[in-house]
Amino acid sequence: MGAALVAPLAVVGPATASATGKYTVTPLKFTVGVGGRSCTVDADLYRPAGVDAAHPAPAVLTTNGFGGSKSDGTADTGKAFAERGYVGLVYSGLGFGKSGCLISLDDPKIDGKAASGLIDFLAGKRAADDGTKIDYVTKDAGADPRVGMIGGSYGGAIQLATAAVDHRVDALVPMITWHDLNYSLDPNNASDRSVPGAAKWQWMNGFYLVGEGQPLLVRSLDPSRINSRNCLHFATQACETIRTLNSGRYPADKTAALQKYARSVSPVSYLPRVKAPTLLVQGQADRLFNLNEAQATYETLKAQGTTAKMIWQSWGHSGGLTAPASGELNLSKGNWETSYVGKRILSWFDRYLHRKKGVGTGPAFAYHQDWVPRGSGPNGSYATAPQVPALSQKLYLSGEGKLVDNRAKVARGSREYRNRLIPTSHSERSIAGMIGLPDTAPRDTKGTHLDWTSEPLTAPVDVVGAPKATLKVVSPRTAKVQNSGDAADKLVLFAKLYDIAPDGKKTLVRRLVAPVRVPDVTKPFTFSLPGIVHRYNAGHKLRFTVAASDDAYIGNRGIKPVTVTSAPDDTGVLRLPVVR
């Protein structure tokens, strides 16, 4: 495409537009009143060449991940869609970059309301602080612009928060984001979610330090971004949540407040108000927001009648954007038309923003297979399905440490493990994968875990989804204190799946673990493991491990020995979602 003339923007004041020949970029500021504060939102407006009142275009609104700003990789998204004819509004989220206000964890009443004010601008209903108004965004009604949203992580949840408070949003593409921060930061994979979990202290405190360290990152910090001595830059309840989790204690009153607040700033609490068609993209390499989060959001949206589809790509917060996944969407490289995920997103916006009814939006569910070479089929390394595979295969925990496929093969027996006062298992160094640093191999210390291992597989087995397990343990020390009123006295264990190669090499699948705070050690309990997409090759063994601790989490308080017994009519069961 050759250079094109770009109609000048109606800009008043100091903001200036820079032109590329394909689009102009104009910096703008908007004053918003949210959360009892008045603060400035820093944004860039992308206007494609040839777009004007007589030739309007749909808009795409996007913002940064946690700790970022409009100037980081978020700008690449703005450029990409401006080059494809969309009006773009890229802004720094509240509390980041040069935007004011406190960090409020994408609270719909605060962050969502601020984003709604930007939609007013796209509708021509309000002006930027310098007087700039626009009239070239496609409209569905007088003050209803045709607008979609896209972004990842913190920039993913804001889409759902915005759509919950402003039904003018027409399409969403939340990537690698959360469903419930209770599960994200303090996961308990047990079916009884009323019991708190095991805090992800590394992830949690890493992000907390990024937020509280803003003066080191931003000159002349806006006063609206300063809270108090006890909580510098976050909303007060966010800091109280972090302090409670770091304490390792879960008294009933504080736990109830923690869970209530975390839910209030999570899609789990406001999804019933989300009506915009939603394409969820979640990462398999993600130990912060795992696949279970996207699946929970997806199933909720589908159940309430909201149009939704889901893709499980390779990369996430824990890395993954490497060979053999080189065909994956890379936002910094802009390979939208040549990657499976990129094409799906473009089609989504074609359908719901350009209203091209003949454009297909793809299957309900798609997932990347890292064992399939790029370009092997019409969807590259992706497989598709009408839904997430069901739990279809049962394996039983035998007393001598085997995983068997029939209850009749279960040997009677019991084995014990016990925790120590310091963690004895390692799964991940949380921030390492996110910033590309190496990590030591996963490990479990003898005597502090139990394993159950299958026979070598006679054919490949593809596991796609979240396995579930039912287990019963004996822990007399826990039984004496578990009803103390402090959930920290309950037993914590960590379940995970290994792939054992014929040469004995162990691979902890995606380094994922399932923390479980057992509701009641006198009763059997069921729990989910994190979702995976993994092929166990022929000759390999599947190993199910239950460990006493994990150094990425705050685990047991005190020493709590655990015994697991097995008998043919009474033993643990592992259920797998196997693709036939």
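Here is a short working chat about a predicted model.

Colleague: Let's start with the pocket. How much space lies in the largest pocket?
Modeller: About 800 Å³. Its lining takes in 31 residues, and those closest to the centre are Gly 73, Gly 152, Ile 176, Trp 315 and Leu 331.

Colleague: Which helix or strand gives the most to that lining?
Modeller: That's α1, with four residues. At least two residues each come from β4 (59-63), α1 (73-83), β8 (147-152) and α12 (430-435).

Colleague: And how do the lining residues divide into nonpolar, polar and charged?
Modeller: Ten are nonpolar, 19 polar and two charged.

Colleague: Switching to rings. How many aromatic pairs does a search of the whole structure find?
Modeller: The search turns up 22. One of them is Tyr 208 with Phe 234, a stacked pair with 5.5 Å centre to centre and 25° between the planes.

Colleague: Where in the chain do Tyr 208 and Phe 234 sit?
Modeller: Tyr 208 is in helix α5 (residues 201-212), while Phe 234 is in the loop between α6 (214-217) and α7 (236-247). They are 26 residues apart, so the pair links distant parts of the chain.

Colleague: Are those two buried or exposed?
Modeller: Tyr 208 counts as buried because its relative accessibility is 17%, and the cut-off for buried is under 20%. Phe 234 has 5% relative accessibility, so Phe 234 counts as buried too.

Colleague: Which residues do ring pairs link into a cluster?
Modeller: Tyr 208 and Phe 234 are in there, along with Phe 66, Phe 96, Tyr 154, Trp 178, Trp 203, Phe 207 and Phe 289.

Colleague: What about charges over rings? What lies over the face of Trp 452?
Modeller: Arg 415 does, at 5.0 Å from the ring centre. There's also Lys 506, whose charged end sits over the ring of Tyr 498, 4.7 Å from the centre of that ring.

Colleague: Last topic, Val 481. Which helix is Val 481 in?
Modeller: Val 481 belongs to helix α13, which covers residues 476-481.

Colleague: Why does Val 481 count as partly exposed?
Modeller: Because its relative accessibility is 34%, and partly exposed runs between the 20% and 50% cut-offs.

Colleague: How far apart are the C-alpha atoms of Val 481 and Leu 491?
Modeller: They're separated by 9.7 Å, with the two residues ten apart along the chain.

Terms used:
Residues numbered from 1 in each chain as written. Predicted model: local features only at pLDDT ≥ 70, side-chain atom pairs only at ≥ 80, totals over all residues. Heavy atoms only, no water. 1 Å grid on protein atoms, 1.4 Å probe; cavity = no way out; pocket = protein on both sides within 12 Å on 5 of 7 lines; lining within 4 Å. Points joined across faces, edges and corners; volume = space filled by probe spheres on them. Nonpolar A, V, L, I, M, F, W, Y, C, P; charged D, E, K, R; others polar. Phe/Tyr/Trp six-rings, centres within 6.5 Å; stacked < 30°, edge-to-face > 60°. Buried < 20%, exposed > 50% of the residue type's maximum accessible area, 1.4 Å probe, protein only. Lys NZ or Arg CZ within 6 Å of the ring centre and 35° of its normal.
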